[in-house]
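This walk-through starts where two helices meet and then widens to the chains that carry them.

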Protein chains: 2
Amino acid sequence: MAVGGTRPGGRTARVRTAVLNAAGDALVEHGFDRLDLADVARRAEVGKTTVYRRWGTVTGLVADLLADMAEQSLPRTDNGSLIEDLRANARLVQRTLVDQRQGALFRAVIVAATCDSRAAEALHHFYAVRIAEWTPCVEQAIQRAELPPGTDPAEVIRAVSAPLYYRLLLSGDPIDDATAERAAQAAAAAARAGVYTTAGDSR
Amino acid sequence: MAVGGTRPGGRTARVRTAVLNAAGDALVEHGFDRLDLADVARRAEVGKTTVYRRWGTVTGLVADLLADMAEQSLPRTDNGSLIEDLRANARLVQRTLVDQRQGALFRAVIVAATCDSRAAEALHHFYAVRIAEWTPCVEQAIQRAELPPGTDPAEVIRAVSAPLYYRLLLSGDPIDDATAERAAQAAAAAARAGVYTTAGDSR
């Protein structure tokens with residue numbers, strides 16, 4: 001680190017951080033359909049032309065926000081057993097979705113993805129990164145003979161999150177501790193029963 | 001039925017059908033954020049004042065569309081075993097979500113629900129009706145001793161749909177026959193393992 005705290009690329013990184021934070025704030029307050037680059041520039045105290053030149057469109061900005069969320073995504077924790085790993089993952093998703101700012105932000109980027117293919121690609125990438133991050137917990141469970149060989153890690157990880165997002169986006173039921181616990185237990189039970197093995201597809 | 005095919009309330013019902021079909025078309029084409037009552041009236045060939053008087057706002061219209069979708073929702077089929085019932089349910093959800101018009105319509109009403117509390121209530125009601133419709137398949141499975149007593153039917157039904165919506169809204173993975181089959185198998189395996197019993201909450 002250079003003297004005085006100025007790193008090479010420091011300004012560019014600071015501008016990005018400020019703009020992405022401002023974009024997140026705007027999304028949480030007004031949603032995707034009223035996201036506006038000039039408003040984001042004002043909030044970030046960054047020149048409007050900088051924002052237009054670097055991000056171009058609101059969907060370009062949402063895509064970069066999602067790329068940043070993927071980069072910042074908390075690393076998987078190793079808890080020594082399948083159920084403990086899946087429980088940790090379920091609680092992480094639960095905490096994110098019930099957090100007022102983060103829950104609103106996820107709703108906004110999911111809305112953006114339904115309207116725009118670039119935002120959709122960025123959202124799919126975000127979930128691909130999250131799933132890849134947690135893949136080792138399933139691979140280790142197979143090595144420990146907790147799960148049948150050939151279990152698809154992505155399917156197990158998706159199964160943990162799906163009931164929580166179902167409640168956030170569709171049914172409106174609370175996303176409480178019991179929900180997270182059942183999501184982890186259900187994914188583990190289905191995986192143990194061989195539902196997510198590749199052979200399972202042909203049943 | 002009265003002579004000449006004119007039933008009491010016939011015109012009102014016809015207007016509602018025309019307006020809700022037009023609202024569905026507009027949502028599929030342009031999404032919720034560009035839904036416009038005057039445009040819907042034009043498409044439905046119904047007077048603008050009729051639409052404004054009866055539905056008031058775009059969210060009022062989306063709420064009524066969802067109420068109608070709940071009324072039109074296909075009844076549960078009885079297939080004689082838990083897995084066959086859950087498979088039928090999973091295939092119904094799969095067919096709906098991969099259908100171009102219906103998939104787009106669901107995306108649009110889900111977006112509406114993230115923006116507006118009245119649309120959100122209508123969406124929650126829609127899923128409550130669908131879950132209630134399929135509750136007997138779990139109750140019968142308990143009577144047949146396929147599932148432990150105390151299994152929460154709503155949790156089992158939600159578990160069948162959740163992975164399909166996860167793919168539609170979040171990960172973008174295909175919603176194919178194998179996905180529907182795994183969703184049914186996973187919900188059945190978790191239910192058999194006792195994950196969805198009321199006692200399961202306190203583990």
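In this predicted model, helix H8 of chain A, residues 153-171, packs against helix H8 of chain B, also residues 153-171. Two packed helices are described by the angle between their axes and the distance between the axes. Here the angle is about 95 degrees and the axes are 7 Å apart. Angles from 65 to 115 degrees count as roughly perpendicular, so H8(A) and H8(B) are roughly perpendicular to each other.

The residues that make this contact can be followed along each helix. On H8(A) they include Glu155(A), Arg158(A), Ser161(A), Ala162(A) and Pro163(A), and further along Tyr165(A), Tyr166(A), Leu169(A) and Leu170(A). On H8(B), the contributors include Glu155(B), Arg158(B), Tyr166(B), Leu170(B) and Ser171(B). By type, the residues of the contact of H8(A) with H8(B) divide into 12 nonpolar, four polar and six charged.

The helix pair belongs to a wider contact between the chains. How are the two copies related? Chain A can be laid on chain B by a turn of 180 degrees with a shift of 0.0 Å along the axis, and the RMSD is 0.0 Å. That is the relation of a two-fold axis. Both copies use the same surface, since 100% of the contact residues of chain A recur in chain B.

The contact between the chains takes 34 residues from chain A and 34 residues from chain B. Together the chains bury about 3200 Å² between them, and 67% of that area is on carbon and sulfur atoms. Within chain A, the residues that lose the most area to chain B are Tyr166(A), Leu170(A) and Arg182(A), which together account for 22% of what that side buries. Tyr166(A) and Leu170(A) are also among the residues of H8(A) in the helix contact.

Charged side chains meet across the boundary as well. The count between chain A and chain B is six salt bridges. In a salt bridge at 2.8 Å, N to O, the side chain of Arg158(A) meets that of Asp173(B). Arg158(A) also takes part in the contact of H8(A) with H8(B).

Beyond the boundary, chain A has nine helices and zero strands. Its C-alpha atoms fill a box of roughly 55 × 45 × 30 Å along the principal axes. Over all chains, 32 salt bridges are found. Within chain A, the side chains of Glu84(A) and Arg87(A) meet in a salt bridge at 2.8 Å, N to O. Both residues lie in helix H5 of chain A, residues 82-98, and are three residues apart, about one turn of the helix.

Conventions
Residues numbered from 1 in each chain as written. Chains lettered and ligands numbered in written order. Predicted model: local features only at pLDDT ≥ 70, side-chain atom pairs only at ≥ 80, totals over all residues. Heavy atoms only, no water. Axes fitted to C-alpha atoms, helices over the stretch in contact; angles between N-to-C directions. Helix = DSSP H or I, 4+ residues; strand = E, 2+ residues; numbered from the N terminus. Parallel < 35°, antiparallel > 145°, perpendicular 65-115°, else oblique. Contact = heavy atoms within 4.5 Å. Nonpolar A, V, L, I, M, F, W, Y, C, P; charged D, E, K, R; others polar. Least-squares fit on C-alpha atoms with pLDDT ≥ 70 in both. Buried area = accessible area lost by both parts, 1.4 Å probe. Salt bridge = Lys/Arg side-chain N within 4 Å of Asp/Glu carboxyl O.
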